[in-house]
Every structure is written in structure tokens, then in C-alpha cells.
Amino acid sequence: MGMKIIPQPFWRLSSDRCCRVASPCVSFSQRAKRRQQRSIVLLALLLIHSFGIQAQTLSSRVTYELKDKSLDEGLQLLGRLSKYKIAYSVEQVAKYKNITIEKAQRSVETTLGLLLSKTNLTYKVKVKTLLIVEKGTVQGILDDNPQNSTARQISGVVTNGDNEPLPGVTIRINNTSQGTVTNADGRYSIDTNKGDVLIYSFIGYQATWQRISDRTIYNIQLYKDTKSLDEVQVIGYGTTTKRLNTSSISSITSQQISTQTITNPLLALQARTPGVQITQDNGLPGSRVRVNIRGTSSIGYAGSIPLYVIDGVPFTLSSGSTGSSADNLNAYGIYGPEGGISPLSMITPDDIERIDVLKDADATAIYGSRGSNGVVLITTRKGSHGKTEVNINVNHGIGKVGHFIPMMNTAEYLEMRTEAFANAGETPTTSNAKDLTTWDQASYTDWQKWLLGGSAQTTNATATISGGNAQNRFLLTTTYHKEGTVFSGNYGANSFSGRLNAGHTSRNGRFIVNSSAAYSSRNNKLPGMDMAILYNLPPNYSLYNSDGSWNWDITNPLSYLAQKYNAKTSNFMGNADFSYEAVKGLKLKATLGYSKTGVTQTKTNPASSQNPSGTTTSTLNYADNQNENYIVEPQAEYKTLLYGGNLLVLVGTSYQETKATGVSLTGSGYSNENLINSLTAASSVTVSSNNNSIYRYKALFGKLNYDWKQKYIVNGTVRRDGSSRFGEDHRFGIFGALGLAWIFTQENFMKNLHVLSFGKLRTSYGITGNDQIPNYQYQGLYSIAGTYFNYEGSTVLYPSSISNSDLHWEVLKKLDVALELGFLNDHILFTTNYYRNRSSDILGYYTLPYQTGATSYIRNLPAVVQNRGWELELRTVNADLKDFKWTSSLNLTINRNKLLSFQNLETSSYTNTYTVGYSIEVPLLYHFTGIDKATGLPTLQDVNDDGSLTSAGDYLPANAGHPFYGGLSNSLTYKSLQLDFTFQFNHRMGWVNNTLRATSEAFGYSYTNQSEAAVNRWRQADDDALYAKATTSSSYTTLYSRYLYSSDANWGDASYIKLKTVSLNYHLPKSWLSKVGLTAATVYLQGQNLFTWAKQNYNFDTETSYTATASITSSSGNVNDSNTFTPPLRTIVVGLNITF
Amino acid sequence: MKKIENIHILYFLVGFMSVVSLYSCDSYVDVGVSSSQLSIENTYSTDASATSAVLGLYSYTPLRYIMYYCWTSDGLYADELQYPSGSSSTYTELAQSVASSTNSNITVVWWQAYTLNRYANLAIQGVTNSTSLSDSVRSRLLGEAKFFRAYAYFQLVSHFGGVPLALSPTELDNAYLSRSSADSVWSQVIADLKDAESLLPAKYNTTLRTRANKYAASALLAKAYLYTDDYANAETEASKVIEATDVAYSLPALSSALLNTSSEVILQAATYYGNAYIASSYRTTSSTAVPTYVLYPGFINSFESNDERRTAWVDSVTSSGTTYYKINKFRYTSYTASVNQYDLLLRLAEVYLIRSEARAQLGTDLTGAQSDLNQVRNRAGLSNTSATSQSALLTAIAQERKVELFGEGHRWLDLKRTNAADALIGELKPTTWKSTAILWPIPASQIDLNSNLTQNPGYE
């Protein structure tokens, strides 16, 4: 070995000459050619070898003697003795002969000086190579006259703006690959030559240049980079900056989170992250928040849940139940009024430093299959090296329902009912029309006000203490949160959370440990049902009879209030990151994480809350579900400087296990209702379900990132994933991605284009897999049939799943191309991003012929779904004055979903759900052809003209429109005053009147009030009405259900704009604060969900109502598109944030 | 020195990856099964759990559905049952003997028969592959699985003609099979029953005869031979049951004949619901309501004047001036555990009638045929048969089967196998009957899913 590879830029200097490397002699050009043929990986490994660690200096001493030899021979000898490679042109040195140097021990530098003393040659140090060149040929910043310079070791301390030492700062000699890194105390030392220029760089800070003169001590201060381009960007298993990033990532920081009054950190992403759609199931505490990154590809079954990673530890709690609802904490528990419980609701937004959403294959491939639906990286706050600081943040506010559905009043309601009876030719009687006969004809109750008219009190208090010194840092934070409801009664959630984060760096800076432990718990008390679903009670219904007893003419809403639902949720998370720098540049790391999340729920149904005319029995539903998750990830990371570029190689492995256990019980037969919460008091307890599942996942991954002079960046990832959800032959899949970036503004030819301060073109392509299906699906299994089926006293087993050894990974192929531009010194940043994701081998249910003895199974569907679209992002600094600063951020996403192919779709069970060539999100509906003017009945098109309406023959895809969505945020600072506000907009098609779909029965058919829209119904012949007639006739049940529930009569523009967040902060003057010993204090006023301008009027909230994605269906709990859930509240809080 | 260090780092990275891949044994991601489920292998590893799995053949729904939908649909197809309400087109089609290929009751029979077949296939494989079962349990379970597989195909081939022979325990292997000939299905039924007969013990393990024994296999085998016109074998198999000495089969009084304690029972399924599922369709809890199915008005005239079955097994209800006759054989209409009637699969009276018919067909022992027939007649309070010739005897046997076995899923198949259906039903339902109705349609949904399936004539 011992061959040297000379970097290309240098090589061009003497490309036209015959050159020589001192030992051994190999033509450079041959080497160059050979090198080109090598694969990237091999090259990278060789480069590591060649340019690994630099400690050789020109001051090393050699014993050297030369007797009457040519310069050529002299250089060869020095090369052998010094371990330096010496490169030179044979032609150039040929004329220097007969050189004699006395035997002595001298430094390499001195020896070389003697050798070249009588020539017109000089030398230049290039890594471990000494280049012999003619004087005056090297130009540039570098001192081109090294013979006059003296090699010296310089040293110093690098600190931040607050004079705190900065460890880990990279120091590099410009135009070389020599460099070093500061230790834990911020100290460094490096061998330089006079005239060298040192570049000090550290992520998140502005790089600083320093020319070396005669001094030997250079203490440098680095300043935080306020420009967003150089902010730290967290990526999988590491960090980068927006500038150097090769992949598609959207981020928000604690600053943006702090302007919002939210309880689930995912909601902070709303309107701020292009390509990411966030929808909340309802506004009750703990409710589920769905995240959809770049459209959905899930047909039928496999989940589209992104991977949530908190401080490096995955937090996607796959309970092993159905794919799309797999991260509901209560997937096997009770669906209370809040529906599915979001695991992320257990993460306190106040604890979060930043959230990064990884979208393309390049960013997510390092997470392999787990990241196929995108990755949400949550980084919690850490202590800082500095003085101890205490921060207290307290706020209090109220939340109210922002919009009520305009419903008909008593007169309008009774008119509709009377008409319905008349149209059906029926007579209202005391048994079929109490509202028209026995109830008070004049009384009016605004049920929405009664149900949801209250004010939800919210209180949030966070106390944080943090601090540290050069080696240690800690942060201890605790939050109390109280969230009321708008229901009448003492309902709501109390949460508590605490987090301790501590970090230590050894004195020599080689060993680093970071760990945190967090615990949170929530006690959520709600009525037995979301009261909002009762919004359409008849307006003249009275809760009580004249004797004061409950009125049971219809289900009395008081009964729901009497049923108590309670969910106690707790979450423990612990993680530790160890890093040891074994050899300079080589770090051995291990990430360990453990989490345990549990929910214990009870729901009572006391006999006293039940209609006394039937049999009343008190029952208690009890469920306890726990998810335990651990992960172990040993990694090795090697970083080096190479040819003026930074190379990073990372290899690692992952072991992850998720264990879900749970039991669901029903107790009944209580001797006294007061004992209802005790299972022991129940005379009968039955087991409804007993879940037990284990999911395991392992992976081996490697990543290589090379950034050459912040100009060309390549990022490659390979990962081998294994999932316990597949059979032996298909457990492992190999996935990977390649990302490339070209910062073209770094090119010389762009340097004069001053308007354009930053320009980057990047692209990535990769393949990932998806395994989000229930556990154990690939094997034939027997299950216990249940006590009903016991035979001759013994339990009975039945085959519950079929053997499907062919089940394998769903494959996602993702392409991403983006152009990032910065204008006017990066005051304007514009990103446009095109993506195209294709999913194939989609995991879904497939109907089997009965002759198998089974009805369906989960298999890889022969379908391809494509999501492609554009993401545009514009960030501008509109004003940057001394007292006034104004920044804006606009993002826009256009996603187009399409089912590209589906083999045998016609014979599959999906034939009435999807159409090839159309979006899988667009429903198939009957086509409404108007109201028959004569009869007042709705008419629907018989598309296949067979005389009858069937979903199979007469469905047409609904009008998908041209949807897009996005957000606009502004931040204005005037002196001590800061105003932030965010608009969210969504242009889309959907159900125009959600109340119609909720009931899907003819107006006046039952004791159901209708929205004000119902006054536009057909009344008499020749009416040109918007809606069909009212009727109590049951002959039209199917027709009306098709008309209102599954026809396009109710389909149209469902766009909206929301003023999502307003935050006003006043920073108290420092001069006042110092008198009371405070460092900082801020008074603030925040509003959430303040105003909505929506096309849909007949719902509480436009966002929680519409099936934004196909995965939002009524299949899980309370969630559907009938939009009658408690909406996210319009909340206003005042708060105080002080630091001392 | 430095160079060595460089190489070390390279080696380290490469080594790290290899060590990690070597030691990270892939079996980490093999998690087996959930603790609330069993793999097939594990299911058949102990006598107890293997028995639990085979008991699923009796109790976990397919058997009950097959019995219910065959009994009621067959009754409607024949001249036995009527559907007075007329509100459901599914039942109306059956009552008119013109079921369409989308008829859901017929689809259920197909589906549930194949479900039972799947359970049996898995059990046969599981028991065969298991090395840890005791010999007696292994033999009994294998016999039971084969018995029920034969039962499933018996119903399939009797109603649909040739059907796919889905015998693989790997379900997906069976998904796209085409139809086998009726003959090969019958061969499979007979082969399975012969196996079952030799594998099953003679004695019942409980007093209530709720698990198949050797004689249950013989009885079903006799029936299969009768249906395939192999009268000699039918006689032999029937004789095995009738002449059994280790189990005492006899014909008790009508009042107790159909109880679960009856000595007539050869096999009954003791599900939680008893036979309330079928009983509640034949009669209602309320004495004034009309049940879903009632006997054909003319059926009541089939009874000879002093036939005690006319009063013991038939009841009537008058609604809106019309008298409906309802089957009163099964009386426990509510779903409670204390019923004393079970789902009755095989009973001795049928075996007597099988042997009687086989002997009459063979013509060599007409006295024996008369004697078997008289056993059934005498129990119903009737005198000995007056039929002496072969043809008169066969007519008498057919009549006896009608009045003895009504409501138990025999009549339609008897009319079919004796080629009497076309004339008889054609006369009874002249506007709707087509001779192709002799075979039920293959469910259209199944042909949609498996294009290898061909439709029966008349339904294309």
C-alpha cells in the first residue's frame, strides 16, 4: 500500500506534464482514470484510509544524508524517510543535479528547504503530500510562498456570543482538508503556516474566517446564525442545516409552538408545513390527531401513520390492531366521546424544542420501512452550558365553540313535520308525533347552546430549571395542564408531566452521554357520549315531564350526562444516547429507549340513566391497555475532512420491540348503583377482549454523506429491515435512497449574481417499505371461540386466520426534485418541490372465494397508487430595521392522488370503492339529477340504464376539483412588542351540508330537527326546490338514504380559510427587570381557531368534518364525516413568561 | 503508525457491520404467535387442545348454518314448507323453486359447507402431522374430521352437483379450483366415511351421543350409498347400525324420540343454543303468531288417519282466518342452556328406512324391507304396511320418509334422487318450475371471484 491519491483540483495544475509521486512512482493520470471506475462506496472507504488522521507535521525529524545525487533522487529519499508523499514533475526537477547534504537529524521542513534552496521551486503541503511546484504558480488566499512562512502550532478557545465555550466546532484550513475540532472546553490547537486561513464552523452558527499571522493564540467568537438557511436541521440519526440538506424536510421550532394554544404537539404543524395535512378528530381532550404526509396510498388496510421519533426513540405505538387506527391508545379499549386517543397527546408541547417532518425518500430511508409514511422527529428541550436559569410560564384562558349550526326554530320545525305527515298521507298521533301533539307547540330550546354552550377553562403552568457547565448540563421541567369542556357539568382533563434531561461530556470531550426521563399522566372525565351529536334534537322537546321526571319520549340527553366516562392515561419515556470518540473522527454511539404508555378506562351506564320502560341494568365497561416499547440502536459514525469536503459514514443497527397487552371487561348486575365503579360489586363480569401481541423489528443500516465545499452534496442510505409481521421468507426487505444536491451559487460563474444569494438544486430517489398491518397475519392460527361455543364443557378453538406465507412488504418508490433559492442576502427564500410517490404491493384486505373456507385475507394487492404534487414555500424578511422586523412565510401544497392500476379490480371487493385513473380519496356516488317537480322526490341517474339503481352499476366518481392547501404566517416585531398570526387555507371538494349526511333520512321523517337549509325544500308541485320534500313515508327510505348519503346532491365546494393562531407578546424592558432580579419577562395574549370563513355552514368545524383522506372513515370509533363532534374550540389565553 | 490507525478505522467499520449482521440473528423478528392464539402445530400438540379444535366442527357455527339453511331451503324447494310472509325475495325464490344465483341462503350453504371443509382439512393435517397425541385421541379426531368433511361434501354435491374438491389444508391452494365431477365428489364422501368408520370408536364418550362414533359414520355412509344407488352397500352399512350391540339403538315413543336423551339418536350437536335456531323458525314463542316456515297446506293430508305423528309433530295456528300448520318436532325456541333438544344429524328411523329402501331396491329381501318399514310405522301407531311388491314398497317407503323425516332436510333430496322432483314440483309450482332447478345455482359471487367455476345449466 502507501499509494496516494492526489485530489483532482491539484492534479490539473500539472496535468500536461509527466509527474511523479516520490514513492512509489505511478502516473497520476493512470490513477485518476482508475479511480473514476470505482464505485462510490469503495472510493469513500479508500479516501478514509488515505486521509484519515493528520498528525504528521513538517517538524517531524528525519536523519538525512545526500551525496552528489539529483534532486529527483533526493526527493525520493526524503519521501521514504519522512512518510510524506512528495509529488513533483520529473521534467521540472530534472535539471537539478549534484546535490549534497550532510548527514544530520533535521526537521522535514528544514531538509526540504535545503534540497530546494538553489532552485526556483517551492513546495506546498497538501495533506500528507508535499507538492513541489515552481515559485509563483499557486494563487489564491493561501500564502503562495511557504518558504517564507514558518509552520507553527496555534491554539485558542472558541466561544459563543455569551462567552460560553463551544465544543465541537470544526476548524479547517481553507483549501486543504486539514482541520481539527474544539474539545469540551472549546479549546483547539492546529498546525498552520503563516498566511493560512482558518474557517471555524459550527452548526447553527455563522462560520468565521481567520487569517493566520504571527500570533499563536486565536480566540474566536461565533455568533448564532439568525438566517434560517443555517439553522440546525434535525435529520435521521444526525443533524444538518437547511443549506446543506439534500432532502425534503419541513420544520417548526419552539418559537412557533409557543405562539399556539394547543395540547397535542402535532397540531403545531397545522398550516406551517407544506405537504403535511393534520386533522383533529374532535376538540375533546386527548382526541386523535391524524397526520398525512404527501397524500395517502393506503387502500383498505395498511396504515398511513408516519413514524414519530422523540429524541431518537420511535414512538409509534402499533397496538397490532387494524392498520389505520393502529396508533390509537385505546384500539382495544373503550371508544369514549373523544374517540381514538392520540399517543402524541401525552407529549407536552412546552417540552418540545423543534419538530422536523421528513418527507422524501432521502430523508426517511434511514428509518427504513417504519418511515415509509414520513417521519415526524420531535426534539425535546435540553439544558445549555451556562448559568442556571429558571423559567416559569403560566397562562389561563377560555375556550368556546366558535360556530354553531344554524338550525330551524320551533315554528319551522313543526311546519316541516306537519308537511311530512301530509305528504305521506299519514295522520300525526300521540304515538307517532308527540312533537305535534303532546309537546308544547310554542317552547323553544336552542339545544346546541344547552349542549355545547359552556366555556372551557384552560390553565397551563410550566416551570423549567436548566443550567450546566462546560461538561454537564441539565433541564428539569414540569407542566400542569387543566382543560375543561363546553359541556355543562364538571368535565375535563387534568394533566401533569415532568421531564428531566441531563447530559455529560467527559473532560477530553470524547465521551458524551445524554439522557432524559419523562412521565406524563392525564385524567380525563367526560360524559358517556360527545354531547355534540345531539345537536338536532327537536326544538320543542322538553327534558322533563310536568311532574319533574325525565321525558323519555325520545332518548333523554340527561342520560348521557349521567353516564360517566373516565380515561386515565400515563406515559413514561426514558432514553439515553451514548457517544464515544474512540479515535479522532470515529464515534461509537448507542441509543437506548424505552416507553410505556397505558390507558385505563371506565364507562358507566347506570340503570337510573336508562329508559324505565325497558329493562334497566347498571353496567360498567372497564378496559386497561398497555403498550411497552423498547429500542436499542448501536451505531458507528465516522467523520472526516476530505478534499475540502466533509465525509460522514454511519453504520448502525436497530432492535425494536412493541408489546401490547390489554383487557376489556364488562361488569353487570349491581345491587346498588353507587357501587358501579367496582368490578367486584358486579354479579357478572365478562371478558370482552384480551389482547396480547408482540411486534419486533430489526434493521441494519448504513449512510454515507459527502459534502464537497458546500457545493456538491451526495447522501446515500441503505437499510435492511426485518419485520415480525411477515413470514419467514419475506421478513426482510432491502431499501435505500440516494440524494444529491448542488448549491450552484457556490460556483464561480454564479458569484457575480448578487441578487441570488443562495441557489440549490436537489433531487432524491428511494425505495421504502410498509408493514403497517396487524400482527400475526401471515400464519394460520386458531383462536378461542368464546364461552357461547363451549362444547361438552370444553372450550372450542376455531381457525381464525389463514396461512399466507406470501405476505410481504408494501413498496413505496419516492422521487423528489426541488429548487431552493435565496434572494437579497437570503431575505427571500423560495423553495419549490416536486414529488412523486408510488405505492405498489399495497397491503389490503382481499376477498377470497368461499371454497377456501375463508372470506378474505390481508394480502399485497396488485394495485399501484400514485401521489404526486408540488410544494411551494416562500419565506421573506419584509423589514429588518432596528426597531421593526417583519417576516412572512407562505406555503402551498397541491397533491394529486391517482389509482394507476388495479389488476382484477372488477372482481375484487374494491370495485364499488375505487376507479382506475381516479383518486382513491374521491368517493363513488350516485349522480343526482334534480328534484322531480311533480312529486318532490329526488331523482338519481340510472347510469347503466338497467332500470334499477345499484352501487355496482350506477356509481360515478365524485368531482375531485382542483384541491390545494397551505398556510400563511406572519411575525412582526416592534421594539418589545411581537405579533404572530397564521392563516390556514384549504381548497377542496366535500360534503356541502354535513347535517344531511348525518341523518340521511327525509326531512320530517323522525323527531329530528334539520338545518336552516331545509326550508328550501320542495313544498308543492312545480316548486323549483333545492331539496326534496319532507315525508314520513317509509317507502322512500332507500331513495333518501342514497340521495343524502351517497349521491353527489350534497357534494361540492368545501373550501375554507381559518385564522388559526394569533399571538401578541410584550417583552418587558430589561431595565425594569434587572431591578427585580429577572432576566426576561413576557406578557402574552394568544388566540387559537379565531375565525373561519367556510363554504360549509352546516357544521361545527370544517376541518374535523371532511374526509380529507380516505383513511378517515367511520370505521374507528366516533370518527366520520357527519361532523357532529365537539369542534376544536376558539380559545383565548393570557399568560406570563418569566426567566430569572 | 498513522497509516495503521487509518486502516484500523476502515477495518473497524467493515468489521462493525459484519459483526452486527452476524450477531443480529434474524430470528429476533420471529415472534411466533400471540399468547391468546395458537399456531396450527401447537393446536394439535396436546390431546386437549386438538380436541378443542375438532369440537369447533360441531359447535363453531358452520355446522349449524349448513343444517339450518339446508333444512329450510330444501323444505321450501320441495312440497314440504311454505313461506307465508312473502316479504323476503330470498325466501320467496326458494319457495317457488327458482332460486337465482344471487340467493343469499344458497350462498350461505355453499360458504358454510366449505368453511366446515376447511376446519376438517386443517384438523386432518394437524392430527396427521402431530407426533404427541395419544393413539385413541388421534384416531377419534381424525375420524371426526373426516366424518364432517364427508358431511360437507354430501350437502354440496347433493345440492349443486359436482363442486371443487378443496382438500388442501393451505386455504389459498383451494381458491381457484374448478369443479370436480359429481362422481368424484361422491367417491371422496364415501372414502372419507369409510376412513371415519374405521377410525372412530364404537362407543360414545358421553351419554348424550354428541360426538360422532363408528355408527354415525356407518349411518351417513349408508345414506351416501343410497344416494349413489349402491343398495347392497347401503344395506350392509345400515345393518351395522341397526344390529349394533355395543350401543343400544332403538325407536322410543314419539314423545321422547327427538329429545337429546333419546335412544334413537345416532348423532346430535350439543351447541349452546340447542336447536332453538331451527325451532324458532318452525314455531314461535307466541302461540298466535305465524312462524317463518309452515307446512304446505296439502302436507297435512299425507298422514294416514291414525298416524300419531300428525298430532305429536304438527301444530296449527290460525291467523286472519287462515290456518297454518307448523312443525312441532323441535320445541325449544328460546336460546337457553337448559334445552333438551339438540341439532339432530342422524337418527335410527332414517337408518331403518334406508335399509328398507335398499332391500326393496335389491329385491332379494322384500320381507326384510317390509319389516324395517314397519318398525317406523308401528312406532307411529300405524299397522304394518300393506305393500308387498317391490314398486309398492318403494312408494310406501317414500311416503313413510315424507311423514317421518319432514322438517329435517330430507324431502327435496329424496325427490331429486328418485327423479320425482320434475313431475311433482312441476305440478305443484307450474308457473315457476323449470327442470333445471333440480340443481341449485353456483353462487354468482363465487363465479365472479373464481372464473374457473362454471354455472349449472339454466342459470347462465
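Here is a friendly exchange about how some labels on this predicted model are earned.

User: What should I keep in mind about the model and its numbering?

Analyst: This is a predicted model, where local features need pLDDT of at least 70, side-chain atom pairs count only at pLDDT 80 or more, and totals for chains, interfaces and linings use all residues. Residues are numbered from 1 along each chain as its sequence is written, chains are lettered from A and ligands numbered from 1 in the order in which they are written, and side-chain values use heavy atoms, with hydrogens and water left out.

User: Why is Val313(A) called buried or exposed, whichever applies?

Analyst: Buried means under 20% relative accessible area, exposed over 50%, and partly exposed in between, with a 1.4 Å probe and protein chains only. Val313(A) has 2% relative accessibility, so Val313(A) counts as buried. This residue lies in strand β20 (residues 313–314) of chain A; strands (E, at least two residues) and helices (H or I, at least four) are DSSP runs, numbered from the N terminus. Val313(A) and Ala576(A) are 9.4 Å apart in space, C-alpha to C-alpha, and 263 residues apart in sequence.

User: What makes Lys760(A) and Glu820(A) a salt bridge?

Analyst: A salt bridge needs a side-chain nitrogen of Lys or Arg within 4 Å of a carboxyl oxygen of Asp or Glu. The closest N and O atoms of Lys760(A) and Glu820(A) are 3.4 Å apart, and the pair forms a salt bridge. Lys760(A) lies in strand β35 (residues 756–770) of chain A and Glu820(A) in strand β38 (residues 810–823) of chain A, so the pair ties together parts that are 60 residues apart in sequence. Both Lys760(A) and Glu820(A) are buried.

User: Which salt bridge does Glu820(A) make with Arg762(A), and what does the pair tie together?

Analyst: The side chains of Glu820(A) and Arg762(A) meet at 2.7 Å, N to O, in a salt bridge. Arg762(A) is in strand β35 of chain A and Glu820(A) in strand β38 of chain A, so this pair ties together parts that are 58 residues apart in sequence. Arg762(A) is buried, as is Glu820(A).

User: How do you know how covered each partner is in the salt bridge of Asp365(B) with Arg359(B)?

Analyst: The closest N and O atoms of this pair are 3.5 Å apart. Asp365(B) counts as partly exposed because its relative accessibility is 27%, whereas Arg359(B), at 11%, counts as buried. Over all chains, a search of the whole structure finds 57 salt bridges.

User: How do you know that α4(B) reaches about the expected span?

Analyst: The expected span is 1.5 Å times one less than the number of residues. Helix α4 (residues 62–77) of chain B has 16 residues and reaches 22 Å from its first C-alpha to its last, close to the 22 Å expected. Helix α7 (residues 135–160) of chain B has 26 residues and reaches 37 Å, close to the 38 Å expected.

User: What makes these two helices mostly covered?

Analyst: In α4(B), 15 of its 16 residues are buried; in α7(B), 22 of its 26 are. Across chain B, buried residues make up 60% of the 460 residues. Chain B has 19 helices and 7 strands.

User: Which residue follows α7(B)?

Analyst: Gly161(B) follows α7(B), and its phi is positive, near 80°.
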